Amino acid sequence: MSDLTNVNFDNMTAAQFEDYLPDLFASGDGKVSHDPRFAVFLEKNPDCAALVHDLEAIAEHAKSLFEPTEEPADSVWSNIASKLKGETQDLDEPSGLIEPAAE
Amino acid sequence: MGQQGLLTTPPAKPNPGLFKRNPPIAGEAEAIERAKNGDADAFSKLYALHKRRVYTLCLRMLGNVSEAEDMTQEAFLHLFRKLGSFRGESAFSTWLHRLTVNLVLMHLRKKGLQLVSLEETINPSEDDAPKRDFGSRDPNLAGSVDRVTLERAVASLPPGYRMVFVLHDVEGFEHNEIATMLECSTGNSKSQLHKARLKLRELLRQPEALPPIEGSKEVAK
């Protein structure tokens, strides 16, 4: 990965900046736009500033995907319950499949 | 490229505690202990509590409803058999997610999708790779991205990119954890994540071109 110890961030090229980005995003809090080391560079390079803004926004939006939206079909539980029937006495009830509990 | 970014203000953050740290769910600890002793009702409660999150994770990783349902089934069967080894050293949902991720990865390896061990296999083809086009950006990139659009864009990512993006940015795993799970280097994980975000940026610039997720209900929130 990139060695950033001796890099002059004020005078790097856009291509160099992009090469460093994976490490920069992975370090600290991942907020390159808040890092004072890049303030001058980003001020002088609006394209890079827009890129950083977009990538940070994508990462931020991704967190909203953590909450699930999708529900498995009822057959998934039916299959689980019937397979477990053979594995445990408890699940082997006269009524056949147990119903999934309400959340 | 214009100075205006592709995405405007991010949506309201979910409860910060839900990301990386999973708070205890009411009744979960008791259900776990009862399920460890073979209580079927308790296990069905655990299923009810976690089915959507496990299924959504499988769907995102696999991009296929049928396979996602199969893997959800496998994950809970595996959970039932392994529940006794859960010691409570991490949040139960974190433990269950890890178990699910490992099962999905095993499934993909069995299918012959070598997305993890070799650089060239985790990397998509050049056509799929994000373009490096500093200085030639479309000036009309305004607009926010809603959840459904982002879901579609994530589903359109090449498998290797999608896997790392989902594990890091959605599920909150660290690069060293992802590297272990995917049997790649930490640097590779960082690089793949960056490429995934670049590719997403490209995809989100043309949201109308994104295909709907096959078989998904696509619930907008």
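**Exercise 1. A helix pair in domain 1**

What is the handedness of the crossing of H2(B) and H3(B)? Work out also how the two helices lie to each other and which residues join them.

*Solution.* Keep in mind that this is a predicted model.

Step 1. Begin with the handedness: H2(B) and H3(B) cross in a right-handed way.

Step 2. Now take the angle. Helix H2 of chain B covers residues 40–62, and its axis comes within 8 Å of that of H3(B), crossing at roughly 140°. H2(B) is therefore oblique to H3(B), because an angle has to be over 145 degrees to count as roughly antiparallel.

Step 3. Look for the residues that meet. From H2(B) the contact takes Phe43(B), Tyr47(B), Lys51(B), Val54(B), Tyr55(B), Cys58(B), Leu59(B) and Leu62(B). From H3(B) come Val65(B), Glu67(B), Ala68(B), Met71(B), Thr72(B), Ala75(B), Phe76(B) and Phe80(B).

Step 4. Sort them by class: this contact of H2(B) with H3(B) has 13 nonpolar, 1 polar and 2 charged residues.

**Exercise 2. Two domains side by side**

Describe how chain B is divided into domains, and find what domain 1 brings to the contact with domain 2.

*Solution.*

Step 1. Mark the bounds. Domain 1 of chain B is 26–110, while domain 2 is made of 119–131 + 144–209.

Step 2. Taken over C-alpha atoms, the centres of these two domains of chain B are 24 Å apart.

Step 3. Count the residues in contact: domain 1 of chain B gives 8 residues and domain 2 of chain B gives 8 residues.

Step 4. Ask which elements supply the side of domain 1. H2 and helix H4 (92–110) of chain B each give two or more residues, and the largest share, 4 residues, is that of H4(B).

Step 5. By class, this side of domain 1 of chain B has 4 nonpolar, 3 polar and 1 charged residues.

**Exercise 3. Helix pairs in the later part of the chain**

Describe the packing of H6(B) with H9(B), then that of H7(B) with H8(B).

*Solution.*

Step 1. Helix H6 (residues 147–156) and helix H9 (residues 186–204) of chain B have axes 9 Å apart and pack at an angle of about 125°. H6(B) and H9(B) are therefore oblique to each other, and their crossing is right-handed.

Step 2. Find their meeting point: Thr149(B), Ala153(B) and Ser156(B) of H6(B) touch Leu200(B), Leu203(B) and Leu204(B) of H9(B). The classes here are 4 nonpolar, 2 polar and no charged residues.

Step 3. Turn to helix H7 (residues 159–170) and helix H8 (residues 175–182) of chain B, whose axes come within 10 Å and cross at roughly 140°. That makes H7(B) oblique to H8(B), and the crossing is right-handed.

Step 4. On the H7(B) side you will find Met163(B), Val164(B), Leu167(B) and His168(B), and they meet His175(B), Ile178(B) and Leu182(B) in H8(B). By class, this contact has 5 nonpolar, 2 polar and no charged residues.

**Exercise 4. How confident is the predictor?**

Which elements of chain B have the highest and the lowest mean pLDDT?

*Solution.*

Step 1. Start with the whole chain: the mean pLDDT of chain B is 78, and 71% of its residues reach 70 or more.

Step 2. Compare the elements. Helix H3 (residues 65–82) of chain B has the highest mean pLDDT, 95, and helix H5 (residues 119–122) of chain B the lowest, 42.

Step 3. Check the low stretches. In chain B, pLDDT is below 50 over residues 8–21, a stretch with 21 contacts beyond near neighbours in sequence. Residues 134–142 of chain B also stay under 50, with 19 contacts beyond four places in sequence.

Step 4. Finish with the complex, to which the predictor gives an ipTM of 0.79 and a pTM of 0.77.

Terms used
Residues are numbered from 1 along each chain as its sequence is written. Chains are lettered from A and ligands numbered from 1 in the order in which they are written. This is a predicted model: local features need pLDDT of at least 70, side-chain atom pairs count only at pLDDT 80 or more; totals for chains, interfaces and linings use all residues. pLDDT is the predictor's confidence in each residue, from 0 to 100. Two residues are in contact if their C-beta atoms, placed from the backbone, lie within 7 Å. Axes are lines fitted to C-alpha atoms, for helices over the stretch in contact, and angles run from 0 to 180 degrees between N-to-C directions. Angles under 35 degrees count as roughly parallel, over 145 as roughly antiparallel, 65 to 115 as roughly perpendicular and the rest as oblique. A crossing is left-handed if the near helix is turned anticlockwise from the far one by less than a right angle, and right-handed if clockwise. Ala, Val, Leu, Ile, Met, Phe, Trp, Tyr, Cys and Pro count as nonpolar, Asp, Glu, Lys and Arg as charged, and the others, Gly among them, as polar. Domain bounds come from an automatic or database domain assignment.
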